[in-house]
Amino acid sequence: MKHRAVVRGIGVGVGEDGSNVPAVILEARDEFLPIVITSDQAQAIQLGLTGEQFERPLTHDLLVEMVTEFGGAIDSIRIDDISNGTFYAKVDAERYQHGEAQTFVFDARPSDAISLAIRVDCPILISDRVLDAAGQPPEAFDADFDE
């Protein structure tokens, strides 16, 4: 089963070496799912959340513009697998050509998929398998993600 997720924000944890480690925090199935990302990825997600515009498009904005210009749409993203602590995501897209829908599935890093989903306002879906393996109760976080 897949569960619709909400991006709660960017959090910071402590890595094994004591350094700060950014993570995007998703909420699904009344659990939080932290996905460790790089600071560049955190910035891309945060910029998508705030909707800040730049004179020239950033990478994820450019990709959305290109997909749209070529007659496509990003329908949803899925975080549907985890192996040895690494999350795997897919981008589900479609394009209509001659009245016929063509569907496409692209492999993606979760951070890139989330950045795209934020920009096109499409569903973020997380599998039970991923939540069972890495989901955590909200009280495990020392943060207030309430809106």
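This report describes how helix H3 packs against other helices in a predicted model, and then looks at the nonpolar core and at several single residues.

**Helix H3 and its two partners**

Helix H3 covers residues 110–120, and its axis comes within 10 Å of the axis of helix H2, which covers residues 59–69, with the two axes crossing at roughly 60°. The crossing in which H2 passes H3 is right-handed. On the side of H2, the residues that make this contact are His60, Asp61, Leu63 and Val64, while H3 brings Asp112, Ser115, Leu116, Arg119 and Val120 to it. Sorted by class, the residues in the contact of H2 with H3 are four nonpolar, two polar and three charged.

Helix H1, made of residues 39–50, also meets H3, and here the axes come within 9 Å and cross at roughly 10°. Angles under 35 degrees count as roughly parallel, and H1 and H3 are therefore described as roughly parallel to each other. The contact is formed by Gln41, Ala44, Ile45, Leu47, Gly48 and Leu49 of H1 together with Ser111, Ile114, Ser115, Ile118 and Arg119 of H3. By class, the contact of H1 with H3 contains six nonpolar residues, four polar residues and one charged residue.

How many of the 11 residues of H3 are buried? Eight of them are, and the helix is accordingly described as mostly covered. These buried residues are Pro110, Ser111, Ala113, Ile114, Ser115, Leu116, Ala117 and Ile118.

Serine 115 is a helpful residue to follow in the structure, and it is found in helix H3. Because its relative accessible area is 1%, serine 115 counts as buried. When residues up to four places away in sequence are not counted, serine 115 touches Ala44, Ile45 and His60. Serine 115 is listed among the H3 residues in the contact with H2, and serine 115 is also listed among the H3 residues in the contact with H1.

**The nonpolar core**

The largest nonpolar core has 30 residues, and those that touch the most other members are Leu26, Leu33, Ile35, Ile77, Ile79, Ile114 and Ile126. Helix H3 provides the largest share of this core, namely five residues.

Leucine 33, one of the core residues just named, is in contact with Val24, Ile25, Leu26, Phe87, Ile126, Val130, Leu131, Ala134 and Gly135, once its neighbours within four places in sequence are left aside. Alanine 134, which appears in that list, lies in helix H4, residues 128–134. With its own neighbours within four places left aside, alanine 134 is in contact with Phe32, Leu33, Pro34, Ile82 and Phe87. Between alanine 134 and tyrosine 88, which are 46 residues apart in sequence, the C-alpha to C-alpha distance is 13 Å.

**Single residues and their exposure**

The table gives the relative accessibility of four residues.

| Residue | Relative accessibility | Class |
|---|---|---|
| Alanine 134 | 15% | buried |
| Glutamine 43 | 49% | partly exposed |
| Aspartate 107 | 60% | exposed |
| Aspartate 121 | 70% | exposed |

Glutamine 43 has its place in helix H1, and its C-alpha atom is separated by 20 Å from that of alanine 5, with their positions 38 residues apart along the chain. Aspartate 107 belongs to strand E6, residues 100–108. The C-alpha atoms of aspartate 107 and valine 91 are separated by 6.5 Å, although the two are 16 residues apart along the chain. Not counting residues up to four places away in sequence, aspartate 107 touches Ala89 and Lys90.

**Two positive phi angles**

Most residues other than glycine have a negative phi. Which value does phi take in arginine 29? Arginine 29, which is not a glycine, has a positive phi of about 55°. This residue lies in the loop between strand E2 (20–28) and strand E3 (31–36), and arginine 29 counts as partly exposed because its relative accessibility is 30%.

Aspartate 121 likewise is a residue other than glycine with a positive phi, near 55°. Aspartate 121 follows H3, and its place is in the loop between H3 and strand E7 (124–127). At 70% relative accessibility, aspartate 121 counts as exposed, whereas eight of the 11 residues of the helix before it are buried.

Notes
Residues numbered from 1 in each chain as written. Predicted model: local features only at pLDDT ≥ 70, side-chain atom pairs only at ≥ 80, totals over all residues. Heavy atoms only, no water. Axes fitted to C-alpha atoms, helices over the stretch in contact; angles between N-to-C directions. Helix = DSSP H or I, 4+ residues; strand = E, 2+ residues; numbered from the N terminus. Left-handed = near helix turned anticlockwise from the far one by under 90°. Contact = heavy atoms within 4.5 Å. Nonpolar A, V, L, I, M, F, W, Y, C, P; charged D, E, K, R; others polar. Parallel < 35°, antiparallel > 145°, perpendicular 65-115°, else oblique. Core = buried A, V, L, I, M, F, W, Y, C linked by side-chain atoms within 4.5 Å. Buried < 20%, exposed > 50% of the residue type's maximum accessible area, 1.4 Å probe, protein only.
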